Amino acid sequence: MLVPQKPVGSLLGVLPVRDDLRALEGYHSPQVDVRVRLNTNESPFPPPVEWRDALAAELSRVEWHRYPDRTADGLREAIAAWHGVSPEMVFAANGSNEVLQTILLTYAGAGRTVATFEPTYQMHAQIARVVGSTVVEGDRNDDFTLDPAEAERVVTASRPSVTFLTSPNNPTGLVEPADRVEQLLDLDAGLVVADEAYAQFADWSALTLVDDDRPLVVTRTFSKTWSMAGVRLGYAIGPTWFVRELEKVVLPYHLDTAKQIAGRLALRYVDDMNDRVRQIVSERERLSEALAAMPIDVTPSGANFILFRPQTIAGRELWQRLLDHSVLVRDCSGWPRLADCLRVTIGTVDENDAFLDALREILV
Ligand SMILES: *Cc1c(COP(=O)(O)O)cnc(C)c1O
């Protein structure tokens with residue numbers, strides 16, 4: 001007897017994805033085995049040993065057969081206390097990327113528009129497209145600042161439901177001035193999301209503007225400053241009405257017990273974190289000056305990385321030649337509006353020296 005065959009999606013049995021996803025490329029950051037890895041903006045330092053020991057001790061007491069605290073109260077209280085806000089203004093998730101995804105599922109989605117100002121963090125447009133939104137990309141000036149007239153043009157023409165600003169911006173490192181955030185709020189740019197993954201390295205944060213009367217949200221992460229990229233933990237600080245809506249959308253028990261403990265304990269080591277930030281900022285200034293003394297254009301950075309453009313050699317070639325010296329930086333040279341640009345993450349003193357030595361050998 002013949003067994004009825006299952007229908008297949010197309011030739012070769014490969015099922016076609018949603019029509020609107022076909023053009024998407026996904027997120028690429030090559031992970032190559034090298035001596036000096038300065039390409040993903042992580043902290044060069046591991047978390048404090050005391051944190052690791054406290055985490056191990058608490059983990060040994062967890063009741064693993066129980067679901068986690070669904071509303072992550074302990075973690076949210078610790079984050080709220082640190083920022084001087086109420087826990088009802090804190091939403092936490094698996095990395096700030098999941099925070100961004102939940103925001104877009106809640107306030108954007110199909111039939112709505114999301115505005116970004118390019119170049120900026122690629123995941124904003126990427127996640128917006130994945131959830132079915134139309135993405136409108138405004139353009140920054142040649143020096144990567146955002147012209148208020150361009151901000152107004154984009155918002156007025158497209159009436160976005162969500163508008164992103166990244167401050168300090170990735171990959172440029174530029175800090176967005178307060179009046180740009182205020183301008184977007186005045187323009188009625190939907191939910192204004194200030195992605196502050198690198199805020200601790202900068203001297204200004206939009207957190208001071210967040211309250212229940214404004215559609216403004218600040219997102220943060222434990223991946224960069226906190227030396228905890230392996231934990232996957234991020235959060236948003238926003239109006240209480242915003243947090244309540246996100247809690248309806250995110251999957252139940254999305255934050256596992258271990259992660260809630262890891263984040264809560266990390267906040268006991270704010271002083272260590274501030275020390276690390278000071279070291280990285282001082283290294284950033286040293287590196288910026290050293291780069292500027294070579295045939296290189298340097299974008300001023302308020303983050304833990306620097307965007308730069310060699311004047312005498314193609315960006316892609318410089319990237320390859322640094323790799324030949326076993327130094328891996330981020331190749332942004334093929335990205336729109338970033339011709340010949342590379343981005344280097346600030347590492348330890350030794351790593352930064354290795355990067356500078358390689359650069360001098362190649363360029364000078
Ligand atoms: C690294 C980065 C993130 C991602 O953070 P995770 O918490 O690791 O998901 C978000 N926004 C910007 C601008 C980043 O550079």
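I will talk about the sheet of this predicted model and then about the surroundings of its ligand.

Let me begin with the sheet, which is open and has seven strands in the order 2-8-7-6-5-3-4, with mixed pairing. Its edges are formed by strand 2, residues 90–93, and by strand 4, residues 134–139, each of which pairs on one side only. On average, and ignoring direction, neighbouring strands in this sheet are turned by 25 degrees against each other. Within the sheet, strand 7, covering residues 216–221, and strand 8, covering residues 234–237, are paired in the antiparallel sense over four bridges, and T219 has A236 in strand 8 as its bridge partner.

As for the helices, helix 2, residues 73–83, lies across strands 2, 7 and 8, and runs at about 55 degrees to strand 8. Helix 6, residues 178–186, also packs on the sheet, where it touches strand 5, strand 6 and strand 7, and its direction makes about 175 degrees with that of strand 5.

Now to the ligand, which has 13 residues around it, with S96, Y198, T221, S223 and K224 coming nearest. Helix 3, residues 95–107, gives the largest share of this shell, namely three residues, and by character the shell divides into three nonpolar, seven polar and three charged residues.

Which side chains have an N or O atom at 2.5 Å or 2.6 Å from an oxygen atom of the ligand? The side chain of T221 does so at 2.5 Å, and that of S223 at 2.6 Å, while a nitrogen atom of the ligand is 2.7 Å from an N or O atom in the side chain of D195. Of the 390 Å² of accessible area that the ligand has on its own, the protein covers 93%.

Technical notes:
Residues are numbered from 1 along each chain as its sequence is written. This is a predicted model: local features need pLDDT of at least 70, side-chain atom pairs count only at pLDDT 80 or more; totals for chains, interfaces and linings use all residues. Side-chain values use heavy atoms; hydrogens and water are left out. A residue is near a molecule or strand if one of its heavy atoms lies within 4 Å of it. A polar contact is a pair of N or O atoms within 3.5 Å; within protein, one must be able to donate a hydrogen and the other to accept it, and residues adjacent in sequence count only if both atoms are side-chain atoms. Accessible areas come from the Shrake-Rupley method with a 1.4 Å probe; for residues, only the protein chains shown count as cover. Helices (H or I, at least four residues) and strands (E, at least two) are DSSP runs, numbered from the N terminus. Ala, Val, Leu, Ile, Met, Phe, Trp, Tyr, Cys and Pro count as nonpolar, Asp, Glu, Lys and Arg as charged, and the others, Gly among them, as polar. Two strands pair if DSSP finds at least two bridges between them. Axes are lines fitted to C-alpha atoms, for helices over the stretch in contact, and angles run from 0 to 180 degrees between N-to-C directions. Contact means heavy atoms within 4.5 Å.
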